[in-house]
Amino acid sequence: TTDIKPLPGGDIKNADFDAYVTAQSQNYKWLPDALLYRYLRAYGTRVNILLGDAKSAKDLGTHFGDDLYENEVNYLIEYEFAMSVEDILWRRSKLGLHISAETKIKLEQFMAKQNLAA
């Protein structure tokens with residue numbers, strides 16, 4: 001249970017999120033602060049999986065708009081079992097609250113090209 005074991009990504013040392021943000025901002029200096037903060041809030045220590053070996057925004061893959069990148073989509077598919085645009089935008093991330101229709105369309109097109117459910 002989560003009262004004994006943290007959720008995936010929630011194993012932040014001493015549960016000190018602010019210190020974790022500070023440390024990760026040094027590791028990912030190239031990432032805009034707002035995007036890094038969103039990633040850390042959403043994925044915690046799994047941010048290292050999501051970002052992988054990325055050294056710049058170009059390494060995050062396709063940019064769909066509104067700070068949604070291919071790396072995050074792929075992470076959600078592989079590690080959080082997202083199977084559709086709705087899974088990605090609503091069930092797994094709640095990004096649907098903040099993105100434009102254009103970003104959603106680009107994501108739908110990407111998912112269709114990948115033979116994933118749009």
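Does Asp 67 count as buried, partly exposed or exposed, and what is its relative accessibility? At 34% relative accessibility, Asp 67 counts as partly exposed; for this label, buried means under 20% relative accessible area, exposed over 50%, and partly exposed in between (1.4 Å probe, protein chains only). You'll find Asp 67 in the loop between β1 and β2.

Before going on, some ground rules. This is a predicted model, in which local features need pLDDT of at least 70, side-chain atom pairs count only at pLDDT 80 or more, and totals for chains, interfaces and linings use all residues. Residues are numbered from 1 along each chain as its sequence is written, and side-chain values use heavy atoms, with hydrogens and water left out. Helices (H or I, at least four residues) and strands (E, at least two) are DSSP runs, numbered from the N terminus.

**Helices α1 and α2**

Two packed helices are described by the angle between their axes and the distance between the axes. Here, α1 (residues 17-27) and α2 (residues 33-43) pack at about 130°, their axes 11 Å apart. That makes α1 oblique to α2. Angles under 35 degrees count as roughly parallel, over 145 as roughly antiparallel, 65 to 115 as roughly perpendicular and the rest as oblique. As for the axes, they are lines fitted to C-alpha atoms, for helices over the stretch in contact, and the angles run from 0 to 180 degrees between N-to-C directions.

Who does the touching? From α1 come Phe 17, Tyr 20, Val 21, Gln 24 and Ser 25, while α2 brings Leu 36, Tyr 37, Leu 40 and Arg 41. Contact means heavy atoms within 4.5 Å.

Now look at α1 by itself. Its buried residues are Phe 17, Tyr 20, Val 21 and Gln 24. Seen down the axis of α1, they fall within an arc of 100°, so they line one face of the helix; the arc is that of the directions from the helix axis to the C-beta atoms. An α-helix has 3.6 residues a turn, so residues three or four places apart point the same way. The buried residues of α1 pack against α2 and α3 (47-51). On the face turned away from that buried side sit the exposed residues Asp 18 and Thr 22.

In α2, the buried set is Leu 35, Leu 36, Tyr 39, Leu 40 and Tyr 43. They cover an arc of only 135° around the axis, which puts them on the same side of α2. What covers them includes α1, α3, β2 (68-69) and α4 (70-79). Turned away from the buried side of α2 are the exposed residues Asp 33, Ala 34 and Arg 41.

**Helix α4 and Glu 72**

Helix α4 has Asn 71, Glu 72, Val 73, Tyr 75 and Leu 76 as its buried residues. Their cover includes α2, α3, β1, β2, α5 and α6. Glu 72 deserves a second look: this residue is buried, with a relative accessible area of 0%. Leaving out residues up to four places away in sequence, Glu 72 touches Arg 38, Tyr 39, Tyr 43, Leu 50, Asp 67 and Leu 95. So the Asp 67 of the opening question turns up again as one of the residues that Glu 72 touches.

**Helices α5 and α6**

The axes of α5 (residues 85-92) and α6 (residues 101-113) come within 9 Å and cross at roughly 130°. The two are therefore oblique to each other. Val 85, Glu 86, Ile 88 and Leu 89 in α5 meet Lys 104, Leu 107, Glu 108 and Met 111 in α6. By class, the residues of this contact divide into five nonpolar, no polar and three charged. For these classes, Ala, Val, Leu, Ile, Met, Phe, Trp, Tyr, Cys and Pro count as nonpolar, Asp, Glu, Lys and Arg as charged, and the others, Gly among them, as polar.

**Positive phi values**

Most residues other than glycine have a negative phi, and most peptide bonds are trans. The table lists some residues with a positive phi.

| Residue | Place | Phi |
|---|---|---|
| Gly 44 | just after α2 | about 55° |
| Phe 81 | following α4 | near 60° |
| Asp 67 | loop between β1 and β2 | about 60° |
| Lys 94 | loop between α5 and α6 | about 65° |

Lys 94 is partly exposed, with a relative accessible area of 44%.
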